[in-house]
Every structure is written in C-alpha cells, then in structure tokens.
Amino acid sequence: MKKILIVEDDIFLQGLEAGKLEKTGYEIISARNGTEALQKIHEPGVDLVLLDLILPDFDGFDILKKMRETKELEKIPVLVFSNLSEEKDVKRAKELGAVDFMVKSNFTLDELAMHIQAILK
Amino acid sequence: MNDTEKQDTGKNLQDALNAKSDLISVTAHQLRTSLTAAKWILQMLLDKDTGNINTEQEDYLRKLFASNERMIALVTDMLALNHADDPIAVTGKQQIDIEKLLTEILFEFSGETRKKNITLSIQKSSSGPFSVEGDTGMVRVVFESVIENAIKYSNADGAVLISIEAKEDSAVCVAVHNTGLSIAESDKPHIFEKFFRTQEAKDREDFGSGLGLFIAHSMLSQHQGSLSFESSPENGTTFFITLPRS
C-alpha cells in the first residue's frame, strides 16, 4: 500500500482529504504544520507528499526547499495542493521541484485521487 | 506640489494599492478555503457517500454545487481583476519570453487536461525568440483565461494546440485552437463584453462569471495588443493573442 503524507493545517479539509484517499486505498499520515511535516517526512516509505502552502509555523515552500536539500527526501514527489494561485507561487513551487500544482477549489476529491494515482503509477 | 510632496504622494498611492491587493489576496484565499469545503461535501453527498438521497434532494444539491462553482469562478476572476485594476502594474513592464511563459502555464493546467484526457501542446510556426515587453502578471492572466476556456469547451479526449508565431519583426502572435464547442454567429459580437456567456457555454458549464475574456481583452488593449477569434462548427475555435515585440 502506498503511503501519502498530507500536510494541511485546516483540520476539516485534512479530514476530507484523508478520508477520500484512505478509501481509494492509500495509507495516510498527516501533519498540521511545518515542524510536524518535517518530522513525519522521515518516516519510512512515504511515497508522496500532498502539500499545502500556508501553514502556521513556516510555509510549504520551506518544506519543499528542505526536502530538495536532503538526499534521502529529494526524490519523493510533492504535489502542491493550495488555494494560492498567483504566478509567483506556481513558479516558485515548480522551481523547488513540485511535480504539480493544484488549486484546491478547482478540483473534487475524486479528481485529486485520480491525479495522485497518475503520479504514483 | 514640490518634488518631495509628489514622491510622498506616489509612495502613499503605492502603499494603498499594495494594501488593497494584499487584502483581496487574503480574502480570496479564505473564501476559496470555505468554498472548497462546501464543494467537497456537496460532491460527497451527490456521490451518495453518506447514504441515499432522493431525486428532489439530488436536484437541490446539484443546484447548490453549481452555485458554489460560480462563486469559485468569481473569486478567480476577482484575483485577475485585482491585478488589472492596478495602474502601477501596467507601467511596470518587463521583458517576457512568451515560449517560457506558456510552458509554465501548461504546468498549471496539467490537472485540468488529465481530468478530461485532453492533449495540450505548443508548436512554433517560426523561429524565436518570442520576446515581448509587458506586465508579466497581466500577460499571464490573458493566456490563462484563453487556455482555460479552450480546455473547458473541448470535448473529452480532444486536443488544444497552441501555436506561437513571430509576425515579421513587429509582433508575436499566439493562436490557441480547440475543437469542441464553437461560437454562434449571433454571439460573436458580444464575446468580449463583461459578464457575457453564450447559451451553449452555460449549458455545458453552469458556472463561470463571463469575465475571463473581458479581462483578457482589456489587458491586451493596455499592452497595445489584440485579442480576436475565429469559430465554426467544422473547424472549432481559435483565439489569436497578438502582442507587440520588444
């Protein structure tokens, strides 16, 4: 079973995302802030990180940056899932190695699950 | 007013515009978060994840879902208008590599194209570089609006082809072509009007604010560029975005 780390500070959205992805057949671990995310990313077997950008302590870009600087984490695909959509945010995420950038409000959870499936195929 | 006073006024205006822009960005983000939650819950109810619903309930939920989608589209357009209304941004021109910009935008739309299994590709009809001068944010919004429409109104398993061409030395023209929905002759004169949506567009997607092409058209005018289109049921629709070369 593939393992996904959901980094999302909104507990309600996090619950909905986790519920859908668990039903789809993924193992889910979750983090509600950057510090927690950087601890959990080191858990063995994380196959993908679903990353929100606005977090209470430090932002998703910092997490992306730290992952790319860490040899054992640099190859884990990161799918940015945020309600930010400005050019500078998309560009920065791409430069920092995100495999994709999805604006949450533009997708249903089924579409998110399909997208993740395509990335992990 | 002396030079110092003029500088102070200019700085105050810029500060006020920045504050307005920040407020709109933060508000849009918060609105989107709530609208996202509503969208996901409504979809779960419609998918009967939480149990059966009767036909009447389903009909109401579909209307609510469509209404929520309209709000999401409105927030997206509000963000674009926020940029368009900023007089400082218009004068803040940069060199823009159109090919590079389009490649970045395609990255943004990979989710949308995968959803409908649409092939999105770029081809160059002449040799580059395809460099123009303008406000990168605005030019980006123009391309995003036109490409988003092309994807939205393409049939599933279709294709959207983006061609870049240098017109002599004076302009760069980008053509965005899609098969699928075409624009009726009677609608053509109104396509760039504020809030206008064709009946076929409404039938296909019951959301959208009718602001996207209006904003794109206005932004291109501010860049001494142009937006035009050709559309027929046989050949599909092509939008032409022309920007003066730098």
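Start by selecting H1(B), which gives the largest share of the lining of the largest cavity, 3 residues. The model you have open is predicted, so treat each stop as a feature of that model.

**Stop 1: the cavity**

Keep H1(B) coloured and add the rest of the lining. From chain A, pick Lys20(A), Leu109(A) and Asp110(A); from chain B, pick Trp40(B), Gln43(B), Met44(B), Asp47(B) and Asp49(B). Two elements each give two or more residues to this lining: helix H5 (109-120) of chain A and helix H1 (3-46) of chain B. Now colour by residue class, and you will find 4 charged, 3 nonpolar and 1 polar residue around the space. How much space lies in the largest cavity? About 30 Å³. There is no second one to hunt for at that cut-off, since the structure holds 1 cavity of 30 Å³ or more.

**Stop 2: the second largest pocket**

Stay with H1(B) and move along to an open site. The second largest pocket has a volume of about 200 Å³. Its lining counts 16 residues, and those closest to the centre are Leu84(A), Glu86(A), Lys88(A), Asp89(A) and Ser25(B). Centre your view on these five, then show helix H4 (87-95) of chain A, which joins H1 of chain B in supplying at least two residues each to the lining. Which element gives the most here? Again H1(B), with 5 residues. Sorted by class, the lining has 7 nonpolar, 5 charged and 4 polar residues.

**Stop 3: the interface**

Next, show both chains and select the contacts between them. On the chain B side you should have 29 residues, touching 33 residues of chain A. About 2,700 Å² is buried between the two chains, and carbon and sulfur atoms give 60% of that area. For a closer look at chain B, highlight Arg32(B), Trp40(B) and Phe107(B): they lose the most area to chain A, together 27% of what that side buries. You have met Trp40(B) already, in the lining of the largest cavity.

**Stop 4: chain A by itself**

Finally, hide chain B and switch to a cartoon of chain A. Trace the chain from the N terminus and the elements run β-α-β-α-β-α-β-α-β-α, giving 5 helices and 5 strands. Of its 121 residues, 54% count as buried. Turn on contacts with a separation of 6 or more, and 59% of them link residues 24 or more positions apart. End on the surface: chain A exposes about 5,300 Å², with 51% of it supplied by carbon and sulfur atoms.

Terms used: Residues numbered from 1 in each chain as written. Chains lettered and ligands numbered in written order. Predicted model: local features only at pLDDT ≥ 70, side-chain atom pairs only at ≥ 80, totals over all residues. Heavy atoms only, no water. 1 Å grid on protein atoms, 1.4 Å probe; cavity = no way out; pocket = protein on both sides within 12 Å on 5 of 7 lines; lining within 4 Å. Points joined across faces, edges and corners; volume = space filled by probe spheres on them. Helix = DSSP H or I, 4+ residues; strand = E, 2+ residues; numbered from the N terminus. Nonpolar A, V, L, I, M, F, W, Y, C, P; charged D, E, K, R; others polar. Buried < 20%, exposed > 50% of the residue type's maximum accessible area, 1.4 Å probe, protein only. Contact = heavy atoms within 4.5 Å. Areas by Shrake-Rupley, 256 points an atom, 1.4 Å probe, with all protein chains shown as cover. Buried area = accessible area lost by both parts, 1.4 Å probe.
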